[in-house]
Amino acid sequence: MYLRLREEIVFKKSLLAVAAASMLTLTACGGSAGAGAAGGSGSGSDKITMGFAQVGAESGWRTANTKSVQESAKKAGVELKFSDAQQKQENQIKAIRSYIQQKVDVIAFSPVVESGWDTVLKEAKNAKIPVILTDRAVDSADKSLYKTFLGSDFVEEGKKAGEWLVADSKSATDTVNIVEIQGTTGSAPANDRKEGFAEAIKSDPKLKVIASQSGDFTRSGGKQVMEAFLKNNADIDVVFAHNDDEGLGAIEAIEAAGKVPGKDIKIITIDAVKDGMTALSNGKINFIVECSPMLGDQLMELAKKVVAGESVPERVVTEETTFTQEQAKQVLATRPY
Ligand code: AHR
């Protein structure tokens with residue numbers, strides 16, 4: 001009798017132990033998503049899942065950025081769900097909604113344009129999925145809709161471009177006619193680079209922007225816009241293109257018009273991707289402000305912290321430099337992208 005009672009107690013104790021152990025396992029699975037997250041995509045592993053909504057494949061910069069994100073995810077053991085929005089906001093919104101439905105642990109995206117994100121970001125917040133902005137910002141007043149913003153200071157980039165022109169034009173006595181090829185209309189880099197450049201050149205009244213139009217951050221867009229500028233303006237001294245690809249398109253248009261890029265018309269661009277740096281070292285571009293696409297490692301680090309419920313800085317600014325023709329010649333061979 002005593003023996004049976006003891007056996008029963010031992011059996012009940014082990015049942016309790018099994019129940020406690022399985023509760024722990026369940027908590028551990030759900031807990032992999034950490035505080036403030038949705039609990040993962042249901043794989044039950046500790047691996048975090050990131051939904052990444054990319055802008056598109058509009059430029060050399062973007063290709064390098066996509067590669068950086070994909071390689072860093074692999075290295076960091078992050079399962080990446082990737083979508084390409086083809087430069088369309090509605091596609092990015094669809095992708096984000098699908099990531100919410102799939103209950104990913106974290107969503108990262110580079111917004112095509114600055115405005116119009118509040119509704120979908122609120123949906124992510126309600127689903128308790130943290131959002132990280134990477135590369136480009138949104139103009140939402142409610143900063144609680146995303147955890148952090150990792151990327152360049154685009155106003156500063158525009159300023160650096162303008163400051164170079166101010167210094168380069170010091171000895172000029174006549175008006176310097178500038179044409180500006182803007183990035184995608186409504187995007188943070190287009191808005192901010194325009195603002196920074198204007199701010200820098202306003203100190204010198206002989207520097208005049210005589211035309212400004214969007215080339216959508218593409219080579220073909222840059223070429224088309226430059227062709228129109230050349231047709232409508234007989235006297236262009238400088239092109240300020242918001243990225244390398246637009247500048248490279250402008251070079252094609254300038255050469256087709258029988259002029260010498262870098263000499264007859266000076267060119268300033270932003271990015272410093274391999275093709276841009278090649279044109280800079282060949283003398284076809286005069287100055288490039290760097291915008292680094294290598295955001296992958298920092299993004300994965302931030303994502304892991306955010307998913308674990310750790311605090312992260314609300315803004316992480318990418319470190320960048322500038323390149324003259326001489327500097328480009330020195331670093332071209334080792335340029336990684
Ligand atoms: O948002 C970064 C910008 O987008 C890069 O300067 C440009 O090349 C890209 O398309």
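Here's a quick look at how the ligand is held in this predicted model.

Start with the location: the ligand sits in the largest cavity. Two elements each give two or more residues to the shell around the ligand, namely α2 (60-76) and α6 (188-201). Both domains chip in as well, with at least three shell residues coming from each of domain 1 (36-152 + 293-320) and domain 2 (154-291).

Who's in that shell? The residues surrounding the ligand are Glu 58, Ser 59, Trp 61, Arg 62, Asp 135, Arg 136, Phe 154, Pro 189, Arg 193, Phe 217, Asn 243 and Asp 271. Sorted by class, that gives six charged, four nonpolar and two polar residues.

Now for the polar contacts. The table lists side chains with an N or O atom close to an oxygen atom of the ligand.

| Side chain | Distance to a ligand oxygen atom |
|---|---|
| Ser 59 | 3.0 Å |
| Asp 135 | 2.8 Å |
| Arg 136 | 2.8 Å |

As for cover, the ligand on its own has 280 Å² of accessible area, and the protein covers 100% of that.

Key. Residues are numbered from 1 along each chain as its sequence is written. This is a predicted model: local features need pLDDT of at least 70, side-chain atom pairs count only at pLDDT 80 or more; totals for chains, interfaces and linings use all residues. Side-chain values use heavy atoms; hydrogens and water are left out. A residue is near a molecule or strand if one of its heavy atoms lies within 4 Å of it. A polar contact is a pair of N or O atoms within 3.5 Å; within protein, one must be able to donate a hydrogen and the other to accept it, and residues adjacent in sequence count only if both atoms are side-chain atoms. Accessible areas come from the Shrake-Rupley method with a 1.4 Å probe; for residues, only the protein chains shown count as cover. On a 1 Å grid over the protein atoms alone, a cavity is a set of points where a 1.4 Å probe fits but cannot get out, and a pocket is an open set with protein on both sides within 12 Å along at least five of seven lines; lining residues have an atom within 4 Å of a point. A molecule sits in a cavity or pocket if more than half of its atoms lie within 2 Å of its grid points. Helices (H or I, at least four residues) and strands (E, at least two) are DSSP runs, numbered from the N terminus. Ala, Val, Leu, Ile, Met, Phe, Trp, Tyr, Cys and Pro count as nonpolar, Asp, Glu, Lys and Arg as charged, and the others, Gly among them, as polar. Domain bounds come from an automatic or database domain assignment.
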